[in-house]
Amino acid sequence: DFVFAPVDYDTECTGCYKSFGFAFVNFNSPQTAETFLASAQGRRRGKKFLTATWAKVQGVEANVRGYWERAEARGMQGHFGAMSRPWVFGRGSAAPVPVPSELEAC
């Protein structure tokens, strides 16, 4: 129900994104997370292997809150395009998390 894959913006190409090669995923149940861990751990993509571990932060609300707290601490006001924000999923829909008003561009 929550996915965040941090991206690095290519300074030489406006609108270009480069993955850092990791993501944060929150599943809607511990059983779903266990199934994913069991089936995905060690899978190979090219020269890289997938490593999945339990996160310190659990739950969609806690992940969203933590993301915005870190963004505010880094002074990222106004730098929140849809591709750079976490996405939430549920009931057949997906959307980037809304930007809190205090972090919108002035």
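A residue counts as buried when its relative accessible area is under 20%, as exposed when that value is over 50%, and as partly exposed in between. Keep these cut-offs in mind as we walk through this predicted model.

Let's begin with Phe 4. Its relative accessible area is 12%, so Phe 4 is buried. Its ring has a partner, Phe 24, and here the picture changes: with a relative accessible area of 40%, Phe 24 is partly exposed. How do we describe two rings that sit side by side in this way? A pair of aromatic rings is described by the distance of the centres and the angle of the planes. For Phe 4 and Phe 24, the centres are 6.3 Å apart and the planes meet at 10°, which makes the pair stacked. Phe 4 belongs to strand E1 and Phe 24 to strand E4, so this pair ties together parts that are 20 residues apart in sequence.

These two rings have company. Ring pairs join Phe 4, Phe 22, Phe 24 and Tyr 67 into a cluster. The structure holds four aromatic pairs, and another one of them is formed by Phe 27 and Phe 36. Their ring centres are 5.2 Å apart and their planes lie at 35°, so this pair is tilted. Phe 27 is partly exposed at 26% relative accessibility, and Phe 36 is partly exposed at 33%.

Next, have a look at helix H1, which covers residues 30–40. An α-helix has 3.6 residues a turn, so residues three or four places apart point the same way. In H1 the buried residues are Ala 33, Leu 37 and Ala 40. Viewed down the helix axis, the buried residues of H1 fall within an arc of 90°, so they line one face of the helix. Which residues are exposed on the other side of H1? They are Gln 31, Thr 35 and Ala 38. Just after H1 comes Gly 42, with a positive phi of about 80°.

Finally, let's turn to empty space. The largest pocket holds about 1,000 Å³. Of the 33 residues lining this pocket, Ala 23, Phe 24, Val 25, Ala 52 and Thr 53 are the closest to its centre, so we meet Phe 24 again. Several elements give two or more residues to the lining, including strand E1, strand E4 and helix H2. The largest share, four residues, comes from H1. By character, the lining divides into 18 nonpolar, nine polar and six charged residues.

Conventions
Residues numbered from 1 in each chain as written. Predicted model: local features only at pLDDT ≥ 70, side-chain atom pairs only at ≥ 80, totals over all residues. Heavy atoms only, no water. 1 Å grid on protein atoms, 1.4 Å probe; cavity = no way out; pocket = protein on both sides within 12 Å on 5 of 7 lines; lining within 4 Å. Points joined across faces, edges and corners; volume = space filled by probe spheres on them. Nonpolar A, V, L, I, M, F, W, Y, C, P; charged D, E, K, R; others polar. Phe/Tyr/Trp six-rings, centres within 6.5 Å; stacked < 30°, edge-to-face > 60°. Buried < 20%, exposed > 50% of the residue type's maximum accessible area, 1.4 Å probe, protein only. Arc of directions from axis to C-beta.
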